[in-house]
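Work through the exercises below with the sequence and the model open. Try each task before you read its solution.

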Amino acid sequence: MEDSDTMCGIIGYVGNKSAVPIIVDGLRRLEYRGYDSAGIAVVDDGHLAGQKAKGHLEVLEGKIANKFLSATTGIGHTRWATHGTPSDINAHPHYSADSRFAVVHNGIIENHHELRAELTKLGFKFQSDTDTEVIVHLLEASYTGDLAQALLHTIARLKGAFAILAICESHPDEIVAIRNHSPLILGVGENANYFASDAPALLAHTRDVVFLDDFDLVRATQADWKVWDAQAMIKKLGLDNGNGKIARQRVPSGMTGRVMNASMPSASRRRRPVHLDMSIEQAEKGGYEHFMLKEIHEQPTAIENTLTGRIGKHSTFLSELEFIDNEFWRNLNRIIIVACGTALHAGMVAKYALEDLCEVPVDCAVASEFRYGKSPVTKNDLIIAVTQSGETADTLAGCEEAKKKGAKILTICNVLSSSIPRLSHATLYTHAGPEIGVASTKAYTTQIVLLELLAIYLGRIRGTLSKKNAEALLDELWSIPALVRRTMKLEKECKAIAEQYSAVANYMYVGRRYNYPTAFEGALKLKEISYIHAEGYGAGEMKHGPIALVTGEFPTVAICVESDIYDKMLSNIEEIKSRGGNVIGIASSGDRKLQKFVDRILYIPRTSEIFSPILSVIPLQMIAYYAAVSRGCNPDKPRNL
Ligand code: M6R
């Protein structure tokens, strides 16, 4: 697993200046990572104090105006909710019951249910619905006078991804921090040290940063910072046997900064700061030129986040659906997928998966048509709304109409508690993190992943998918992020193709079955950001008219991966070639046959056909991106959108 970035933003400051303005400025710089709520905690005059607020950062700013100005140590968080709706209570920081410890966290704690049950038995009272709150209670339970030690004992119990900052009022000049699969950097300043999820939050204060590794346990004070290897210490202390039950430690009262370093070993890990030359704007884009390219590259991690906690050893956990009676799924009359644009294309891929695995008829409806249509809908129909934002007006209206007629509404969405999830009976969130580029990339692939997981889940409930086949599909699905990572290596070739054809007036995209929607998506991506006219077609439909368009003046991208209809695709490609067309083939790696029929070929890793659209779209996203760039268009800000 690489960075499992759930896209919240965290920041910490310990120094000799007023902490609040620095933290708030850092949060503003991190707001692009998430923005449903925000909060800060500081050690002010020997006491922990803080504020949190639902909504954009301005709401928090309004609440803390002129407060806590003498505090010189503090942490902050801007949230993109994954567990628990956006609210004041679920916003970070989270506090221990005795209000001495505060924690901010980015990531997902997979075993939070078990830990919550264990801690509740010990008498800890939970305030929020978040997975994060277990961390602060564990910290309190583990504390014996050394904050770094307490964090070490805490994370020994955690499974999942985390970047954590913790402060305690007994240690007014100290922040402790650790990461595992979630990004965290340490900024080294003059009489100050900083932490942040991402460099943009720090660059105004320091350009000397340490990119922390997994299990780097850090203690920073105004004057110093030290890093330990937490994994080695966990091993040495025997905390890694999984049996380390939580026990409340006797908490010494009146601890002060003087006792710090009492129990951490003096030998620490060597970490050297590097000097960052990039601008703040470059840093926000993770060093990529545009958000779209950054988001294309985030897909392996985004897909991991979609799957995390939902695939067990050979089973699917969609706890959000458990309240729906199995009888409903078994008696399902039909599914109508309602969506717009890219989200509709994800739905079109899902149609094949749901029909194949669940043996239920599926219609895909363009939301702007469906909402005004008279399609009869009954209580045995399921509407699946697919939407990144959860706010698209046509999708919303279509769902409202269908709900009135008695249908059940299930939404696949990326933005927690947005309007469409709020009216739905159930929602499955993609957890892809905010999509800033207008051209949808990671939202699309995570929607397909989640819809296909749903198809496996329903196939088992409906008895239409054998246990053995479900297990094989789940194993393969779990390997998809790694295959997406491999597919990213096509970038150079995609760039070359995009540049070669940057002056053409048209592109054609063709595919069949699972990759029929890929053709539409490839065309949509290209036209919306490069303004080259593009058409997506079913390859078998070409002979019914559009083949008349084919000349040698523009390329046709043909998605021709391993499948039962591979030979049919080949003959469709031959038809295009024989009319003088240029063909760029997207093929499964190891395919030597297609080479002879096409002008250029891009190989993606081999998968079952059902999962191939997750990979085959990636070169198409990249071609669109580089076509836009080579034509001088800004892919993040398409005109008219
Ligand atoms: O937020 P939604 O997924 O409901 O938005 C639907 C479409 O507007 C969206 O998918 C659009 O087509 C893409 N951003 C295009 O790249």
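The exercises that follow use a predicted model.

**Exercise 1. A covered strand**

Task: Decide whether strand β24 (residues 555–559) is mostly covered or mostly open, then find its partner strands.

Solution.
- Step 1. Count the buried residues. Five of the five residues of β24 are buried, so the strand is mostly covered under the 20% cut-off for buried.
- Step 2. Split the strand by face. P555, V557 and I559 lie on one side, T556 and A558 on the other, and both faces are covered.
- Step 3. Look for the partners. Strand β22 (residues 506–511) runs parallel to β24 and is joined to it by three bridges. In this pair, M508 stands opposite T556.
- Step 4. Turn to strand β25 (residues 582–588). Five bridges join β24 to β25, again in parallel. Here A558 stands opposite G585.
- Step 5. Trace the connection. From β24 the chain passes through helix α19 (residues 566–577) to β25, a right-handed β-α-β crossover.

**Exercise 2. Sheet order and edges**

Task: In the open sheet of six strands, what is the strand order? Which strands stand at the edges?

Solution.
- Step 1. Read the order: β5-β6-β7-β8-β12-β13, with antiparallel pairing.
- Step 2. Find the strands with a single partner. These are β5 (94–95) and β13 (225–229), so each has one side without a neighbour in the sheet.
- Step 3. Check one edge pair. β13 pairs with strand β12 (residues 216–220) in the antiparallel sense over five bridges. A220 stands opposite W225 in this pair.
- Step 4. Add the helix. Helix α4 (residues 133–142) packs on the sheet and touches β5, β6 (101–109) and β7 (160–168). The direction of α4 makes about 135 degrees with that of β6.

**Exercise 3. Nonpolar cores**

Task: Which residues touch the most other members of the largest nonpolar core?

Solution.
- Step 1. Take the core of 113 residues. L321, L354, I384 and Y507 touch the most other members.
- Step 2. Inspect I384. Leaving out residues up to four places away in sequence, I384 touches I335, I336, I337, V338, L354, L410, I412, L451 and L454.
- Step 3. Look for a separate core. Another one, of 34 residues, lies apart from the largest, and its members include F101, L115, I155 and F162.

**Exercise 4. Two threonines**

Task: Is T154 buried or exposed? Is T206 buried or exposed? What does each side chain reach?

Solution.
- Step 1. Place T154. The residue is in helix α5 (residues 147–155). T154 has 0% relative accessibility, so it counts as buried.
- Step 2. Find its polar partner. The T154 side chain reaches the backbone nitrogen of L139 at 3.4 Å. With residues up to four places away set aside, T154 touches I135, L138, L139 and S142.
- Step 3. Place T206. It sits in the loop between β10 (192–196) and β11 (208–211). T206 is buried because its relative accessible area is 6%.
- Step 4. Find the polar partner of T206. A polar side-chain atom of T206 lies 2.7 Å from the backbone oxygen of V188. On the same sequence rule, T206 touches G187, V188, G189 and Y194.
- Step 5. Add the strands. Strand β9 (residues 185–189) pairs with β11 in the antiparallel sense over three bridges, with L186 opposite V210. β11 also pairs with strand β14 (residues 274–275), antiparallel over two bridges. There V209 stands opposite V274.

**Exercise 5. Backbone exceptions**

Task: Which residues does the cis peptide bond join? Where do N66 and E359 lie?

Solution.
- Step 1. Recall the background. Most peptide bonds are trans, and most residues other than glycine have a negative phi.
- Step 2. Locate the cis bond. It joins H92 and P93, with omega about -5 degrees. P93 is in the loop between β4 (73–79) and β5.
- Step 3. Take N66. Its phi is positive, about 60 degrees, although N66 is not a glycine. N66 lies in the loop between α2 (57–64) and β4. Its relative accessible area is 70%, so N66 is exposed.
- Step 4. Take E359. Its phi is near 50 degrees, a positive value in a residue other than glycine. E359 is in the loop between α11 (341–358) and β18 (362–366). E359 counts as exposed because its relative accessibility is 56%.

How values were computed
Residues are numbered from 1 along each chain as its sequence is written. This is a predicted model: local features need pLDDT of at least 70, side-chain atom pairs count only at pLDDT 80 or more; totals for chains, interfaces and linings use all residues. Side-chain values use heavy atoms; hydrogens and water are left out. Buried means under 20% relative accessible area, exposed over 50%, partly exposed in between (1.4 Å probe, protein chains only). Helices (H or I, at least four residues) and strands (E, at least two) are DSSP runs, numbered from the N terminus. Two strands pair if DSSP finds at least two bridges between them. A crossover is right-handed if, with the strands pointing away from the viewer, the path from the first strand over the helix to the second runs clockwise. Contact means heavy atoms within 4.5 Å. Axes are lines fitted to C-alpha atoms, for helices over the stretch in contact, and angles run from 0 to 180 degrees between N-to-C directions. A nonpolar core is a set of buried Ala, Val, Leu, Ile, Met, Phe, Trp, Tyr and Cys residues joined through side-chain atoms within 4.5 Å. A polar contact is a pair of N or O atoms within 3.5 Å; within protein, one must be able to donate a hydrogen and the other to accept it, and residues adjacent in sequence count only if both atoms are side-chain atoms.
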